[in-house]
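Q: I am new to this structure. Please take one part and look at it closely, then lead me on from there through the rest.

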Amino acid sequence: MNELIDRGTVDRLRGILTEAAARVASVEPAFTEPAFATPAFAEPPFPALRQAAHGVDGLNLRARSDLVSAALEADLPDDYRAVSRLFRAALENPGFDDWMIWPVSETTTTLALASPDPRDFDDGLALLAELTPRLTAEFAIRRFLEADLERSLASVERWTSSDDEHVRRLASEGTRPFLPWARRVRSVLASPESTVPILDALYRDESEYVRRSVANHLNDLSREQPELVTAVAAGWLRHPDENTVRVVRHGLRTLVKKAHPGALALMGFEEAAISVSEPVLDTAVVTLPGELGFAFEVTNEGETATRLGIDYVVYYVKSNGSHSEKVFKLTTALIEPGATLRVAKRHAFRPMTTRVHYAGEHALELQINGRRYAKTGFDVVL
């Protein structure tokens, strides 16, 4: 992914901004005044950006964005209004898009927050909304939230009625409590209910792109606010459309895996009269990298059809010899009285950036409607 911002990306950005600066200067004399005699408008233009194009190799994606943003700040005037005019002029070029937008959005945020004119705070947010259809501004917006949560959310809530699905998604995605790759916003974590009006406005959005963000946002909230999340989800289910159940199911996925009673009840996973066979493993020893196959049967011994949420738990060996468990989604099923469901699955054990495998005795356990069944051991060797 690091190559998403490579030398070619930075060179294209430099060319687009050079062309935009020339167009702006031709119609706005302010760009030729001494106050704007910055490297961006010298010859050759944007020297720091030119140097950054040669410096991105070997850096991770975040560091590449930071390097390019720092170069923009070095080349451009420290006047937010001038820079925002330049970036808006660049938006007239359809090639001004993709990953070059990330450092542009970060530069927008830096200059808007540093501006002594309070109006630039709101305009900076507006510019992020204009940039986000080219590439999401979900990372840059978080510094606005950190600087003034209430003022930022006033703008963000208006975005929920935008005609552009990218802007509506930014309202949800940019305010997620645990957005991947992004900084944590302490004020959002301290006031988790503050983003609920955004989710309430968007959970029935016409765009799957937006609804998926809403569900992920709800799932983020569930990590620390399960009761708030189940209350919000229950309210949505009282006023559903054809997509609401899917949104709620995805938003409650972590709570269902944790066997939270309120989440299980909302999803219809109630106490069930079932019998569960012990899993049959296809091997007693998994050699990394490898797979573990297993199969089991579930029989409905009750008198009514039963809806089941079927998961499984892997107990991984840690470096100190203890175990950590992770719940994996398997399937959902409606089983008629007296019927038996056979389930089979293969679970991969491969090197991952998010998990280091250690040799030793692992275990597999079934979880159905929040209850644990039939724990079975197996060995992993490296």
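A: Strand β3 and strand β9 (residues 371-381) run parallel, and three bridges join them. This is a predicted model. One partnership can be named: Thr287 is bridged to Val381, a residue of β9.

These two strands belong to a wider arrangement. Five strands make an open sheet. Read across, the order is β3-β9-β8-β5-β6. The pairing in this sheet is mixed. Its edges are β3 (285-287) and β6 (323-335), each of which pairs on one side only. From one strand to the next, the twist averages 30°.

Now follow the chain out of β3. Pro289 sits in the loop between β3 and β4 (290-300). What kind of peptide bond joins Leu288 and Pro289? The bond is cis, with omega at about -10°. Most peptide bonds are trans, and most residues other than glycine have a negative phi.

The backbone has further points to check. Trp181 is not a glycine, yet its phi is positive, near 70°. Look for Trp181 in the loop between α9 (165-173) and α10 (186-190). Ala259 also has a positive phi, near 60°, and is a residue other than glycine. Ala259 lies in the loop between α15 (253-257) and α16 (261-266).

Next come the helices. Two packed helices are described by the angle between their axes and the distance between the axes.

Take helix α5 (residues 101-114) and helix α3 (residues 61-75). These helices pack at an angle of about 55°, and their axes are 8 Å apart. Are α3 and α5 roughly parallel or oblique to each other? The angle makes them oblique, because it falls outside the ranges for roughly parallel, roughly perpendicular and roughly antiparallel. The crossing of α3 past α5 is right-handed. On the α3 side, the contact is made by Leu61, Arg62, Ser65, Val68, Ser69, Leu72 and Glu73. On the α5 side, they meet Trp102, Pro103, Val104, Glu106, Thr107 and Thr110. Sorted by class, this contact of α3 with α5 has six nonpolar residues, four polar residues and three charged residues.

Helix α5 has another partner, helix α4 (residues 80-90). The axes of α4 and α5 come within 9 Å. They cross at roughly 155°. That angle is over 145 degrees, so α4 and α5 are roughly antiparallel to each other. Their crossing is left-handed. From α4, the contact takes in Tyr80, Val83 and Phe87. From α5, it takes in Val104, Thr107, Thr108, Leu111 and Ala112. By class, the contact of α4 with α5 holds six nonpolar residues, two polar residues and no charged residues. Val104 and Thr107 of α5 appear in the contact with α3 and in the contact with α4.

Further along the chain, helix α13 (residues 226-238) meets helix α14 (residues 244-251). Their axes come within 10 Å and cross at roughly 170°. The helices α13 and α14 are therefore roughly antiparallel to each other. In α13, the contact residues are Ala233, Trp236 and Leu237. In α14, their partners are Thr244, Val245, Val247 and Val248. The contact of α13 with α14 divides into six nonpolar residues, one polar residue and no charged residues.

Last, the aromatic rings. How many aromatic pairs does the structure hold? There are 10. One of them is formed by Phe121 and Phe144, whose ring centres are 5.1 Å apart. The ring planes stand at 85°, so this pair is edge-to-face. Phe121 belongs to helix α6 (residues 119-131), and Phe144 belongs to helix α7 (residues 141-147). The two residues are 23 residues apart, and the pair links distant parts of the chain.

How values were computed
Residues are numbered from 1 along each chain as its sequence is written. This is a predicted model: local features need pLDDT of at least 70, side-chain atom pairs count only at pLDDT 80 or more; totals for chains, interfaces and linings use all residues. Side-chain values use heavy atoms; hydrogens and water are left out. Axes are lines fitted to C-alpha atoms, for helices over the stretch in contact, and angles run from 0 to 180 degrees between N-to-C directions. Helices (H or I, at least four residues) and strands (E, at least two) are DSSP runs, numbered from the N terminus. Angles under 35 degrees count as roughly parallel, over 145 as roughly antiparallel, 65 to 115 as roughly perpendicular and the rest as oblique. A crossing is left-handed if the near helix is turned anticlockwise from the far one by less than a right angle, and right-handed if clockwise. Contact means heavy atoms within 4.5 Å. Ala, Val, Leu, Ile, Met, Phe, Trp, Tyr, Cys and Pro count as nonpolar, Asp, Glu, Lys and Arg as charged, and the others, Gly among them, as polar. Two strands pair if DSSP finds at least two bridges between them. Rings of Phe, Tyr and Trp (its six-membered ring) pair if their centres lie within 6.5 Å; planes under 30 degrees apart count as stacked, over 60 as edge-to-face and the rest as tilted.
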